[in-house]
Amino acid sequence: MTRVEITAALVQDLVREQHPDLAGLPVRLGARGWDNQLWRLGDDLAVRLPWTTAGALLCNEYRWLPALAPRLPLPIPVPQRFGEPSPRFPRPWLVTTWVPGSPADLHPVTREADAARSLAAFLTALHQPAPADAPAGRERGGPLTDRAEGFANGLAYATEQGLITDPEAVRAVWHDAVTAPAWTGPALWLHADLHPANVLTADGTIAGVVDFGDLCAGDPAYDLSSAWLLLPDDGVDLCYAEYQPDAATVRRARGWAMARVLSGILIGHDGGPGGKPTWAPPAYAALRRLLTRTRSPRSGC
């Protein structure tokens, strides 16, 4: 998908054409994400526009987030208005609430216990049975075995590039996860993209969660893997003790965490336009935590 150039003038024109009652609010860049750009609209709103995708994921946010948001204990961007595709901008876009905070890849968690409790409470509230027409995940929330070939290829490449120094230890974590019993419960709502750039911090703890474009239904182990990337060393234990996953889910979460570590390292060291250097440090920190554990985190199981 071709990237679209987005400017403050374009955002102002789109708002003026489709939501003229908001046209007087100042516009300024908030963030450039992987799929979308976020432009501040006044103090309390933001305009979310896809610049590398067709925008279908924003439609999921617009449909589902207003109903999910009230039960979540952390602030999230709640869609307020829908922007129709037009000749000026041929993709759907949203006006959402603005969530203050700093991305955790730039300002990591330092208040470990508070953040662990916040993450566990957020996931407990989110992980409820999803309706039959909930979105399907993009290889997220399904069986780990679906990612086996991609994981093997990514690990081989990262090892060749000198980014992974102990591939056998990495494979051992992965093998334990893929041989764990599969999720047999109902498909639960998942954020499905909880990495440090999509979690906001303030005063050392978690202050909000953004980018629900990959919202889908599936195995909660995928979201639980985020604890390894977001929380300091003892934070995973604290989070899991609050959430209380079963032993098999803990094992699968470790495998998903390792897959996401590998992705973060590769993306962090990509010298091209897709590279995000701030993704590598939290990925390496999570890798160290995963490889130094000789037992699963405490989970009540």
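User: Before we get to Leu22, what does contact mean here?

Analyst: Contact means heavy atoms within 4.5 Å, and please keep in mind that the model is a predicted one. With that cut-off, and not counting residues up to four places away in sequence, Leu22 touches Val15, Leu41, Leu45, Arg81 and Val95.

User: Where does Leu22 lie, and is it buried or exposed?

Analyst: Leu22 lies in the loop between α1 (8-18) and β1 (27-32), and at 10% relative accessibility it counts as buried.

User: How far is Leu22 from Gly42?

Analyst: From C-alpha to C-alpha, Leu22 and Gly42 are 8.9 Å apart in space, while in sequence they are separated by 20 residues.

User: Switching to Glu61, where does that one lie?

Analyst: Glu61 is part of helix α2, which covers residues 56-68, and with a relative accessible area of 1% Glu61 is buried.

User: Which backbone nitrogens does its side chain reach?

Analyst: The side chain of Glu61 reaches the backbone nitrogen of Gly213 at 2.8 Å, and a polar atom of that side chain also lies 3.4 Å from the backbone nitrogen of Phe212.

User: And which residues is Glu61 in contact with?

Analyst: If its neighbours within four places in sequence are left aside, Glu61 is in contact with Arg48, Pro66, Pro79, Leu94, Asp211, Phe212 and Gly213.

User: New topic: how many disulfides does the structure hold?

Analyst: The structure holds 0 disulfides.

User: Why is Cys59 not in a bond?

Analyst: A disulfide needs a pair of cysteine sulfur atoms within 2.5 Å, and because the closest cysteine sulfur to that of Cys59 is the one in Cys216, at 16 Å, the two are too far apart for a bond. Cys59 itself counts as partly exposed, at 33% relative accessibility.

User: What about Cys239, buried or exposed?

Analyst: Cys239 has a relative accessible area of 0% and is buried.

User: Last thing, which residues have a positive phi although they are not glycines?

Analyst: Among them are Ala192, with a phi of about 70°, and Gln244, with a phi of about 65°. Ala192 lies in the loop between β7 (188-190) and β8 (199-202), whereas Gln244 lies in the loop between α8 (235-243) and α9 (247-268).

User: Are those two buried or exposed?

Analyst: Ala192 counts as buried, at 0% relative accessibility, whereas Gln244 is partly exposed, with a relative accessible area of 45%.

Technical notes:
Residues numbered from 1 in each chain as written. Predicted model: local features only at pLDDT ≥ 70, side-chain atom pairs only at ≥ 80, totals over all residues. Heavy atoms only, no water. Helix = DSSP H or I, 4+ residues; strand = E, 2+ residues; numbered from the N terminus. Buried < 20%, exposed > 50% of the residue type's maximum accessible area, 1.4 Å probe, protein only. Polar contact = N/O pair within 3.5 Å; in protein donor to acceptor, adjacent residues only side chain to side chain.
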